[in-house]
Every structure is written in structure tokens, then in C-alpha cells.
Amino acid sequence: MHLDHFALWTTDLERLKAFYVTYFGATAGEKYVNPTRGFESYFLSFAGGVRLEIMTQPSVASERPLGAPAAGYAHLAIAVGSVERVEALTETLRSAGFTIAGAPRWTGDGYYESVVLDPDGNVIELTV
């Protein structure tokens, strides 16, 4: 078994796609649109084969307030390859106006990480 993909709801599909493509090197697949349901999504592919599905649907956005906690979701961890890359990407995101929720540091369980928020407030850990 392996993890196939992770999915996030958003109210601004193009903004979230641009964030992951620009800062994390994701490759966006073709946009999927179901006009009957008003559902739209992209699959974003990352090095190593992991995919992130970003989705929007007007009825879901109106029922679930942005930033409302969802059972089971805590964060998305993205390994960037080195301590220096964690620090550099954290500063790039800070300079671009994104929220840095945790400065780069060694954690008690041995990870070097920083914590940033994507445009919708979802927590991303940048790790080595």
C-alpha cells in the first residue's frame, strides 16, 4: 500500500494551484470540471509521485467556513531536501507575504522544520 493523494477544499482554486506550483514545484494536471455539481479540481503532482488534489464547489464552501477544523487533518509535511532549503524557502514565503507560523528549528523528535500557512490557512511543515 501507499498514499495515493491528499485532498484540500478551497474557495479559490487558481490561487491555491499557483501557490503549490510556484513555491513547491508541483505540476498541475488538467482542470476537471463537473458543471452539474459545480465541482472543479486539479491534481498537483510532486517529485516522488505524491499528489495533492485541490477542489472547489460552491455548496461545500458555503457549508464549511474557511479555516474550520476537519477531523484528522493536522498538517501537510513537504520535504525540501536540506536545512538550507528549509530556511531559504521559509524566507521566500515570508517575503511573499505568507504567514510563518513557526520559524525554522530542530524539534524534540529530530526534525528540522518550519511551519507556514498556505493561502487558505492550511498548515504546511517544511522539513529536510
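Hi everyone, let me start with a single residue: at 4% relative accessibility, Ser-41 counts as buried, because the cut-off for buried is under 20% relative accessible area. Please keep in mind throughout that this is a predicted model.

So where does Ser-41 sit along the chain? You will find Ser-41 in strand S4, which covers residues 39-45. And which residues does Ser-41 touch, if we leave out those up to four places away in sequence? Its contacts are Leu-13, then Glu-30, Lys-31 and Tyr-32, and then Glu-53, Ile-54 and Met-55.

Let's step back to the whole chain. There are 3 helices and 9 strands in its secondary structure. If you walk along the sequence, the pattern reads β-α-β-β-β-β-α-β-α-β-β-β. The chain has 128 residues, and 34% of them are buried. Its accessible surface is about 7400 Å², with 55% of that belonging to carbon and sulfur atoms. One more number for the chain: take the contacts between residues at least 6 apart in sequence, and 50% of them join residues at least 24 apart.

Now I'd like to show you a sheet. Four strands make up this open sheet, in the order S6-S9-S8-S7, and the pairing is mixed. Strand S6 (76-79) and strand S7 (100-106) are the edge strands, each pairing on one side only. On average, neighbouring strands here are turned by 20° against each other, direction ignored. Helix H1, residues 13-24, packs on this sheet and touches S6, S8 and strand S9 (123-127). The direction of H1 makes about 10° with that of S9.

Let's follow the strands one pair at a time. S7 and strand S8, residues 112-117, run antiparallel and are joined by 4 bridges. In this pair, Trp-106 stands opposite Tyr-112 in S8. The two strands form a hairpin with 5 residues between them, and Gly-110 in the turn has a positive phi of about 95°.

Moving on, S8 also pairs with S9, in the antiparallel sense and over 5 bridges. Here Ser-114 stands opposite Leu-126 in S9. S8 and S9 form a hairpin too, with 5 residues between them, and the turn holds Gly-121, whose positive phi is about 90°.

While we are looking at S8, is this strand mostly covered or mostly open? S8 is mostly covered, with 5 of its 6 residues buried.

My last stop is a pocket, the second largest one. How much space lies in it? The second largest pocket holds about 270 Å³. It is lined by 17 residues, and the closest to its centre are Phe-46, Val-50, Ala-77, Ile-78 and Ala-79. Which elements supply at least two residues each to this lining? They include H1, strand S5 (51-56), S6 and helix H3 (83-95). The largest share comes from S6, with 4 residues.

Before we finish, have another look at S6 on your screens. This strand is an edge strand of the sheet, H1 touches S6 where the helix packs on the sheet, and S6 gives the largest share of the lining of the second largest pocket. Thanks for listening, everyone!

Notes
Residues are numbered from 1 along each chain as its sequence is written. This is a predicted model: local features need pLDDT of at least 70, side-chain atom pairs count only at pLDDT 80 or more; totals for chains, interfaces and linings use all residues. Side-chain values use heavy atoms; hydrogens and water are left out. Two strands pair if DSSP finds at least two bridges between them. Axes are lines fitted to C-alpha atoms, for helices over the stretch in contact, and angles run from 0 to 180 degrees between N-to-C directions. Contact means heavy atoms within 4.5 Å. Buried means under 20% relative accessible area, exposed over 50%, partly exposed in between (1.4 Å probe, protein chains only). Accessible areas come from the Shrake-Rupley method with a 1.4 Å probe; for residues, only the protein chains shown count as cover. On a 1 Å grid over the protein atoms alone, a cavity is a set of points where a 1.4 Å probe fits but cannot get out, and a pocket is an open set with protein on both sides within 12 Å along at least five of seven lines; lining residues have an atom within 4 Å of a point. Grid points are joined across faces, edges and corners, and a volume is the space filled by probe spheres set on the points.
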